[in-house]
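Ready for a few short exercises? Have a look at the structure below, then try each task before reading its solution.

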Amino acid sequence: MAKVQGAVVINEERCKGCNLCVVSCPTGVLALQSKEVNDRGYHFAYPGNPDACIGCASCAVVCPDACIEVYRVVEK
């Protein structure tokens, strides 16, 4: 059976650090950057554990600023 691996791409400059994507992720892939801020002064989201991504796109659905894109790769 094929395994689905996901990949999350976040536009860090548009992210306002609302934390909705971090909370919605069922596998704990995303986290908020605690030490860095973007040009707008927000702590942005980043994939802290990218290997755990299953490509469900829950994070992209809840993002109010459409900063997140999720890709799925099927490994055979």
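Here are three exercises on this predicted model, each with a worked solution.

**Exercise 1.** Find the salt bridge in the structure and work out which parts of the chain it ties together.

Solution. Start with the count: there's one salt bridge here. Its partners are Lys16 and Asp65, whose closest N and O atoms sit 3.8 Å apart. That fits the cut-off of 4 Å. Next, place them: Lys16 is in the loop between strand 1 and helix 1, and Asp65 is in the loop between helix 2 and strand 4, so the pair ties together parts 49 residues apart in sequence. Finally, check the surroundings: Lys16 is partly exposed at 34% relative accessible area, and Asp65 is partly exposed too, at 22%.

**Exercise 2.** Decide whether Gln5 is buried or exposed, and find what its side chain reaches.

Solution. First locate Gln5: look in strand 1, residues 3-10. Its relative accessibility is 17%, and buried means under 20%, so Gln5 counts as buried. Now follow the side chain, which reaches the backbone oxygen of Asp51 at 3.2 Å. Leaving out residues up to four places away in sequence, Gln5 also touches others, including Pro50, Cys53 and Tyr71.

**Exercise 3.** Look for nonpolar residues in the largest core and in a patch on the surface.

Solution. Begin inside: the largest nonpolar core has 14 residues, and Val8, Ile10, Cys21, Leu30 and Ile68 have the most contacts within it. Val8, for one, touches Leu30 and Ile68. Then go outside: Leu20, Val61 and Val62 form a nonpolar surface patch with about 260 Å² of accessible area together. Of these, Val62 belongs to helix 2 and is partly exposed, at 34%.

How values were computed:
Residues numbered from 1 in each chain as written. Predicted model: local features only at pLDDT ≥ 70, side-chain atom pairs only at ≥ 80, totals over all residues. Heavy atoms only, no water. Patch = residues over 30% accessible without salt bridge, like charges linked within 9 Å, V, L, I, M, F, W, Y side chains within 5 Å. Areas by Shrake-Rupley, 256 points an atom, 1.4 Å probe, with all protein chains shown as cover. Salt bridge = Lys/Arg side-chain N within 4 Å of Asp/Glu carboxyl O. Helix = DSSP H or I, 4+ residues; strand = E, 2+ residues; numbered from the N terminus. Buried < 20%, exposed > 50% of the residue type's maximum accessible area, 1.4 Å probe, protein only. Polar contact = N/O pair within 3.5 Å; in protein donor to acceptor, adjacent residues only side chain to side chain. Contact = heavy atoms within 4.5 Å. Core = buried A, V, L, I, M, F, W, Y, C linked by side-chain atoms within 4.5 Å.
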